[in-house]
Each structure stands twice: as C-alpha cells, then as structure tokens.
Amino acid sequence: MKLRLRLFYIFFSLAGCYGLNSVNIDAATLPVIPNAVFDITNYGAVSSTIIDNTSSIQKTIEACSLAGGGKVLIPAGTFLSGPISMKSNINLQISSGAVLRMLPYGSGNGTVAGSYPNSGTADDYTDFIYGKNLNNIEVSGSGLIDGQGSDWWTAYKANKSISRPCMIRFDACTNIAVLGISLQNAPNVHITIGKSSSNATISNITITAPSSSPNTDGIDVWSPNVEISGCNIACGDDNIAMDSGSQNVFIKNCTFGVGHGCSIGSYAADISNIKVDSCSFTGTTSGIRMKTARGRGGSEQYLYYSNITMSGVTNPIYITSYYPSTPSTPSSDTTQAITSTTPSWQHIVLKNITISGSSNAGVFWGLPERSINDVVLDNVKISASSGVKAYFITGLVFKNGSSVTVTSGNAVSTYSATVSGIKLTTGEPSYIISVKINPLNSGSVSGTGTFSFGQAVSLSVASAAGYNFSKWTEGKTDVSINPALTFTADSDRTVTANFTSSTGLENISENNTLSVYPNPCRGKFYLQLDNDFIGEIKITITNVVGCPLKIIRVQKENRFFTQEINMENFSKGVYIINIPGVNTMMKKLILD
C-alpha cells in the first residue's frame, strides 16, 4: 500500500478557550506490505473445529518473514489457533468466509490438549495476535476472529487472578493497521495499541461482545498518532479507551452500542489533541467519558468532540477527577497537595451534540485543589431526567443555544464552579452582554444586559466631553468602527468601546499595556510596555499638536520591556509618548 499522510485541524472556540486555537495533527501512516502471498493451508493448516493450527500458522508467518514479508492468508474455513507471534512487513489477511478462532479456555489451566496454553505461568495467558518492536504490520480482510470468551469470563468471575489474553495487541510497534475485519467475544480486550507504539489506523471493523462480559474493551490506545474510523463497537467495557500517552488521536464516523463509551482514562497522563467527530451512541452506559484520579493523571488537554448524537445513554457527558467513584458530596473531600500526577482537565470543546433519553444530563467533577478548566458546550442540546452536576470547574460555558431540559430539579447544580450562558434553574440559554470603556470616563454605552439565545443586541455609545468614539474591540480583535454595534446573542460577550481625546492629551493604550513613570517627571522617566510583540519599536515624543521632537528606535526582546528616556534638554510642558503599530498606544507625559 502507498503511504498516506492525512492532516486535520481542530479549531477551539473563541469563547471560553484560550482564544482561537488550531491543533495540527499528522494522522497515522499506513504500513507498506510486499505483494507476496503465503497461504496457511500450504503449511499444514486444516479447516476444522477441533484441530489446533497454531504451529502451521506460525510456520507460515516465519516463511513470509524470511522472504521479506507479504500477506499471510487465512482462507475461507474455520481455523483454531493458540497464540500467534507477528513479524514486521506482514499482513495477516482473514479472507471472506474465514473464521480464525482462539482455542477455548478449557480446563487444566491451558495444559490440556486443544485448550489455550498458558504462558508458562499458571493463570497467565499470552495475547492471541501479538507483536513487539515491529514495523509495518497489518491484520485485515472481511473475515472473523472469534475469541470464544464465554468460558474465560466465567473463569475470571470465579478467580480474578486469571490474566486473560488480549485478542490483538501491539507494543512498541510503528505503522500498524487493522482493517475491515470483525472481532467477537474476546477473553479480555479486543484490540490494544500499546505503549511506545506510533502510527496506527483502525478502520471499518466490527466488534461485538455482551454487555455483561468483563473488561472486553473494544479498542485501547496507549500511544500517539492513531486514527479510528468507520467502526461499529458494542462490548462489555469501554468501547474505546484512550489511556496515558494518547496524543493526536482522531476518532470519526463510529457507531457505539452497549459499552462504557468513548473514554479517556482512567490512566490519563500526557493526553492531548483528541478529536472525536460524527459518531453515534445508542444504549451505552456512558458517552463522552473522561475519568482519572489523583496519582493517575497529569496534563489532559485540547479535547474536541463534535457532531455527535446520543440516545438512551445513562451518562452522556462524564468528566471526573475521581475514579472509580466520586465522593458522596462535593464538600466531603479535602484539598490535597498538587503533584505531577494531579489531574488537570482543560481546554475541552463539545460542539453540535444532541442527547436524548438520558438518566442524567452530565457530570463535571474536578478536585478541590485543581478544578476542571475551560469547557465549552457549543450548540449542545441535552434532554435528561436529572440535571448537570458542575463541581470544582472553572469556565463552564454554554453557548450558541446550548440547553439542558430535565424532568425534575434544577438544570445545573453547582459547587465551587463558574458557569455562564445558561439559566441554572431552567436550563435555557441566557447570555450576559457587558462593555468596558477605554479610557475610563471617556464615554458611556447603552443596550447591555442579559439576553436569550438569538435575541438582538443593539449597543450605542455616547462620548464624554472632549472625547470621540474610535472603535469597538473584543479582546485584541477590532470589531467595528460604527458607533452602533448590533449582533445576536449566542454567548456571553464583553466588548470594549474605545474613545480618543479631542485634545490629544489623554491616554490611549490598548489594554493598558503602555505606562510611563514617574509622571510628572523631572529630566528622566521610564517607559514600560507589556504585550506580545517582539521586534523593533519606534518611540516618538511629540508636542501637543503632534510635531515629533524625539524618535527612539529600540529592540523589544521579550514581553516585559522597560526603556529609560532622557528629557533633560526639554522645557517644562506637556508631551505625548507615541508608539505606532497595529494598535497605536499613546501616553501623556508632564515634564515639570
């Protein structure tokens, strides 16, 4: 196959997040496999429900590897096998009509003929299809891998010390693909992309196991650069779980049935740049699930979920720094010291999501020592029996018509939380439009207040004596030069009405980033500039009518900049300190 490199961008909302952030993710590179074909039946494998084909399949893999790689073909039929060790540059091809079936758990701890062998240690079993430190590996086709998990689950429920095998697991491997196949009833996890791996593509597969089957996760990820698309997963635990080290992961166009949702954690250190898009959840225990605990977390950020529908999901949105269980009340836990493994959920966007028929609307539960931070719900519609719990969270923003409809109680309950954009009691969108004046006392604005979603907002300015309206800004962005500003309410907004002095003697400084001191001064003064600009700046000193008297060009090498300026040869009077640029900054200086 040809190498494929795909790019996508995650755009985080302007409101609530750190400005408009763009996260660039290089998606996984597919493996390159030679064209040679090695049929397992040519190496002694026989289609049968009782014959163990482990040695024949492994011989085929070894022969393929010695030849430089290629396709190891499982033809139509049923082939029983024990653990299989993969090699680099090999595609294990499971053909249409083929069933690759794991040997049964059986009795005698895997030592009885025809049952799955242990690893050499009692109650410990080697993963079924396994590879470590390999490159260019693939499991694909339209056939089925059957784990015969029922007896394993029964044995595990009776004896939790049994270490059951994963169906497919790759550790420290690169360029991995699992494509097209079906998997059912794994003894434990169906697919694991293990630690230190990179570049894995899992596409168009089907995973099924009963909801009661213990720990039968669909796909577990412990590594960066993973793309999962077009999969249908119903299982007994997490449909997908992204654990520590999961970065640059893209999940799209997947369908989730029974299971514990599309999860992050519970081991959740160094997780970032996750996008889940265009997925549906029906009857899952959880939907969007982020879970960890003290000692298991540290740096969980830039997580983006969009275009999602959920129906009959018990816990549609569940973000918590307590696992496996939360305290009885948010006030019952005490603050602890922050360490490198303290969870730090932040910069999370949930966009274009519809949730119906849920038991509860959502849980956002941080720690008393470290709140969840910066979560934006953008066009999220939730219908549930009970409302959202927002405990220890800073910056939970409902915008663009996001709403919570419940059958009883308040729509949102809070404890040590800042929540905006919604009425806590009814769950209706509600936005606060406020205005700052720059400089202070230079004018006034009418039309501010609280608005419902889509309601028209009309702001108008009145300049104070000696001032003229200049422009509207929002943060560092210019909005309009028209004194009448109109828009529809879709989020909390704070805009600034900027004025200039008709006399030229007042301060005009964006966000007060320019200051001079002492002022008045005698002979010398200091200019201080605090903004993100790095490079040459031109400082111009003019008289009150704008004639330049002194020009200084200096290099600004960091955010905080201080420059001493000598005015000993200037006569007493009023001067203007001017720094032109994208946002011209001016200060009045009095020399006495």
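Select Phe469 and Phe499 in this predicted model: Phe499, in strand 40, is the bridge partner of Phe469. Extend the selection to residues 467–474, which form strand 37, and to residues 493–501, which form strand 40. These two strands pair in the antiparallel sense, over six bridges.

Next, display the sheet around this pair. Five strands make up an open sheet in the order 35-33-40-37-38, and the pairing is mixed. Colour residues 449–451 and 477–480 to mark its edges: strand 35 and strand 38, respectively, each of which pairs on one side only. On average, neighbouring strands of this sheet are turned by 35 degrees against each other, direction ignored.

Move now to strand 13, residues 174–179. Five of its six residues are buried, so that the strand is mostly covered, buried being under 20% relative accessible area. Strand 13 pairs with strand 10 (residues 135–141) in the parallel sense over five bridges. To locate this pairing, select Asn135 and Thr174; Asn135 stands opposite Thr174 in strand 13. Strand 13 is also joined to strand 16 (residues 198–203) by five bridges, and these two strands run parallel. Here the pair to select is Leu179 and Ser203, the latter standing opposite Leu179 in strand 16. As a general point, strands of a sheet pair through backbone hydrogen bonds, either parallel or antiparallel.

The next stop is the nonpolar interior. Select Ile129 and Ile168: these are the residues with the most contacts inside the largest nonpolar core, which has 100 residues. Strand 30, residues 372–399, gives the most to this core, contributing eleven residues. Centre the view on Ile129 and show its surroundings. With neighbours within four places in sequence left aside, Ile129 is in contact with Ile84, Met86, Leu92, Leu100, Val139, Ile145, Met167, Ile168, Arg169 and Phe170. A second, separate core has 20 residues, including Cys521, Leu527, Ile552 and Tyr575. Within that selection, Cys521 has a relative accessible area of 1% and is therefore buried. In soluble globular proteins, nonpolar side chains tend to be buried together.

Finish with the cysteines. How many disulfides does the structure hold? There are zero disulfides. Select Cys262 and Cys279 to examine one case. The closest cysteine sulfur to that of Cys262 belongs to Cys279 and lies 6.5 Å away, which is too far for a bond because a disulfide requires sulfur atoms within 2.5 Å. Cys262 has 1% relative accessibility and therefore counts as buried.

Notes. Residues numbered from 1 in each chain as written. Predicted model: local features only at pLDDT ≥ 70, side-chain atom pairs only at ≥ 80, totals over all residues. Heavy atoms only, no water. Pairing = 2+ DSSP bridges. Helix = DSSP H or I, 4+ residues; strand = E, 2+ residues; numbered from the N terminus. Axes fitted to C-alpha atoms, helices over the stretch in contact; angles between N-to-C directions. Core = buried A, V, L, I, M, F, W, Y, C linked by side-chain atoms within 4.5 Å. Buried < 20%, exposed > 50% of the residue type's maximum accessible area, 1.4 Å probe, protein only. Contact = heavy atoms within 4.5 Å.
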